[in-house]
Structures are given as structure tokens and as C-alpha cells.
Amino acid sequence: MDDVALQAPVRRFRAYAEHRESGEDFLGAIPSDWAVQRVKRLFHVVNGSTPASSEPDYWDGEIPWVTPEDLGKLEQRSVSDSARFITDLGYKRCGTSMVPSGSLVLSTRAPIGHVAIAARDLCTNQGCKSLVFRDPQSSDFFYFQALAARGRLEATGRGSTFKELATDDLEDVLFAVPSPGEQAAIAAFLDRETGKIDALVAKKRRLIELLQEKRTALITRAVTKGLDPSVPMKDSGVEWLGEIPTHWEVKRLWHLTASDRRIMYGIVLPGPNVDDGVPIVKGGDVAAARLKLEGLNRTTYEIESSYARSRLRGGDLVYAIRGSIGEVGMVPSELEGANVTQDAARISPESDVNGQWLLQALRSSRVFAQLEAGAVGATIRGINIRDLKRALLPVPPPAEQEAIAVYLGAHAERLAKMDERICDAIDRLIEFRSALISAAVTGRIDVREDAG
């Protein structure tokens, strides 16, 4: 957190009367009567381990086995559950250690810096280290201090493939240690203030969800009923679609695409990312905000050359058929000559089909519903390319296609600006939250009188 970001919480609260240098950059100057201690003086640092995955007797027991992924998914301060549990035999055979309730659990690789308070006795894999208090201290206060120290911990990590925080390096980190009474007061203050901020963030995220629902409803209405509410309607003959304007048709998607560029997925095994190669669009790249040249992986020219039939042109559509199914985006001109993987399908509109209209039609909840119903796969769901080709769409004449595309484009731009403003507000709240925590646990502000 930079000095500018810290000024807001610093100005709002009074300062301690006297400070001294802590000897640790992320702490800076701390109140004169606070102590500074290395992590190894405050905690026993306990490593984790993993039982052999090939031994079924080691798994599906009752002992929580926490990983960095578990910590990253938490929406609260404490951890008591995990995606996988181990048995007593697995615990005894793998060398991990049980850590008591109240300890801090810290991810130390992939990524470094997630932290939680153990709400029950548990153990972890080797991607985490647990900080077990040597003497009674406030778990909540040191939880907040570990959050404030995340930048310092990340910078200390070592490794070329992925960074990992070694035990010795973690043990050498300095923490500020106020009196037990101050620890409790600071933790109580941060409980209250971060709770307010979190509630505001939740409300704003709900607003984003509502905007998305409004966007989807607007698209579905326009591409299934048209823009004129007085136009005569007819039964489409498709149960899920209902009535459509009398002069519209219902066609399968493959009838709307260029005959010489059929709907298809692309490269099955693109291999590792290379610096100099052909850009490739995966299923996760399809959303408009991510469909940009600088964000794409690349495959070798040798691998790509066997898939010339699935190369992209500007104005093509790409549809995610695996993973984040249903996302659809239009290929910008900068991606001319790029290719797709087996997770995304290329759709090339026929010359008399408005590409922007087709983009919106494929975003309709009713069109997606028929494809989602046929999606298969337990872990990673996928849409069969045959089902995508046969998807039924209500098709207006070309002039109406253009009018619908213009209408939805204008509304999409307005909703996108609203979404951007809300996201900016969320970012500012999260930044303020981090700054407030850092200022409080390092003694830049005196919150004792505000803790009640």
C-alpha cells in the first residue's frame, strides 16, 4: 500500500504521541511503547504435508486438510472446512502436523499471503504454513497484521517457476506487538470498520449482479420478441421459445453461417505457451473484456498449421463450449489469423446475417438454455459441437437484425459504464480497507477510543 492510499485513514483518526523506527519497511515507525518481534519469537512455524494420493485409506476421513486453494475461497476470517479431508492413518503416514484452534494458517506458495484463523484443530498441505502462538495473544490482531504484511511476504518468496516462502524467511519477518489490551482494541475496531466496508462491497457486487440480470433480460426480450410491442405474434413451434413476431423465422444456427466456414472447434493439444507463435483463443478467453491479443497464449506455427480450417477472421464469433460455457464474443481485427482451441467454437456469420445481432441472439437466456440442457461433464461441462450447430434461433429480417443490434449496443454501452463505475467504487473500498488495516496494526493511527 502506497503512502497516498494510507493518507485517508491517517487523516481520519488521531496519531500516537511518540514513534520509533521498527527496523521493518512494511511496519515503518511504530508507537514508542510497542515491541517488535520476529515471527519465530511469537509463533512456532508448522509445515504441512500431503498423504500419498494413490492410497485410498488415507483420504475421505474426518481431519480437515487445508490448501492454499481452500484459503483463497474463504469469505470469512476463520477456516474449519476443506475441499478434502484425510484419515487418521493418512495423517500419521504423511508427516503433516495438527495445529490447534486459534492458530494462523498462511498460504506460502501458489499464492503467498492468504491467511485465516483455524476455527478447529486441523492440518494443511505443504503449500501452507501454520503459525502456532508460543504465548497467548490476540488471533484477530495478528490475523490483521498478517494481512498487512502480505506485500512483504510475497516479496520474500523465492523460486523461478512459482514463488514459495521458506520457513526461515517467514520466521525472520518482524511483527509489531502492542500490549494485549491494545491488541484487543485494535482488533475490535477493525472488526467493526471492515465489517462496514465489506457490507458496502457486498451491496455493490449485488448491484453488478442486478445489472447483469437486466442486461440478459433486455437481450432476451429484444432477440425473441423484437422492438415493436404492437407487432402481431405467432407460435414459434418451439416450446422454450414461445411466440415470436409473425414475419420472423426459426432457423438452426448452422443455417446462419457461411457455407465455406462451418462451425467448428480448433486445436486439441496446443502445447505450452510460446513467446513467438500463433495466438489461440481458449474458452476462458471468450468474454469481451478478455478477447484481446495481449492476453492470449500462443502455440507454435507447427502445431497450428494442422488446424488452418479453424483460423479466425475479424467479425467471426467465438463461443465457449467447455468450462465457462455460453460466453460469446466477436473477434476484433487484431486477432485476424489467430486460432481457437477445442474449448471454443468459431462461428462465421453468413454475409446477409448481421454479426452483432447474432452475437446478441447467442447471449439470449432462452438460446443458452437449450444448449445448457445438453451440456455434459461433471467437473468441466461442455457443449457438443453438433448441438451448437443445431441450436434454434428466432431470426428477423436483415433490417430488424441491424435495428436490434444498434438498440442493444447502445444499452450495453450504458450498462457497461454503470458497471465500470461500480467496479471502480469497489476497488476504492477494498483499497481503503487494506490501508485502514495497515494503519491500525502498525500504529500509524490510534484507534483505542474508537474501538467501543
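**Entry 1: the chain as a whole**

How many helices and strands does the chain have? I counted 13 helices and 23 strands. I note at the outset that the model is predicted. I then looked up the extent of the C-alpha trace, which spans about 80 × 55 × 45 Å along its principal axes. The chain has 452 residues, and 46% of them count as buried. Its accessible surface comes to about 22,200 Å², and carbon and sulfur atoms account for 49% of that surface.

I also looked up how contacts are spread along the sequence. Among contacts between residues at least 6 apart in sequence, 73% join residues at least 24 apart.

**Entry 2: charges**

I looked up the 57 positive and 63 negative charges of the chain. The mean positions of the two sets are 3 Å apart.

Which residues gather in a patch of negative charge on the surface? I found E420, D424, D427 and E431 there. I followed one of them, E431, to helix 13, which covers residues 398-441. The relative accessible area of E431 is 38%. E431 is therefore recorded as partly exposed, because that term covers values between the 20% limit for buried and the 50% limit for exposed.

**Entry 3: a nonpolar patch**

I next turned to a nonpolar patch on the surface, with an area of about 290 Å². Its members are Y265, V268 and L269. I located Y265 in strand 16, which consists of residues 264-265. With a relative accessible area of 37%, Y265 is partly exposed.

**Entry 4: helix 5**

Is helix 5 mostly covered or mostly uncovered? I found this helix, residues 139-148, to be mostly covered, with seven of its 10 residues buried. The buried residues are S139, F141, F142, Y143, F144, Q145 and A146.

**Entry 5: Q183 and its surroundings**

I placed Q183 in helix 8, which runs over residues 180-225. Why does Q183 count as buried? Its relative accessibility is 1%, and buried means under 20%.

I then listed what Q183 touches, leaving aside residues up to four places away in sequence. The contacts are Q137, S138, F141, F142, V177 and P178. Two of these names, F141 and F142, I had already entered among the buried residues of helix 5.

Finally, I looked up Q183 together with R448, a residue 265 places away along the chain. I recorded a separation of 9.5 Å between the C-alpha atoms of Q183 and R448.

Terms used:
Residues are numbered from 1 along each chain as its sequence is written. This is a predicted model: local features need pLDDT of at least 70, side-chain atom pairs count only at pLDDT 80 or more; totals for chains, interfaces and linings use all residues. Side-chain values use heavy atoms; hydrogens and water are left out. Patches are made of residues with over 30% relative accessible area and no salt bridge: like charges are joined within 9 Å, nonpolar side chains (Val, Leu, Ile, Met, Phe, Trp, Tyr) within 5 Å. Accessible areas come from the Shrake-Rupley method with a 1.4 Å probe; for residues, only the protein chains shown count as cover. A salt bridge is a side-chain nitrogen of Lys or Arg within 4 Å of a carboxyl oxygen of Asp or Glu. Lys and Arg count as positive and Asp and Glu as negative; His and the chain ends are not counted. The place of a charge is taken as NZ of Lys, CZ of Arg, CG of Asp or CD of Glu. Helices (H or I, at least four residues) and strands (E, at least two) are DSSP runs, numbered from the N terminus. Buried means under 20% relative accessible area, exposed over 50%, partly exposed in between (1.4 Å probe, protein chains only). Contact means heavy atoms within 4.5 Å.
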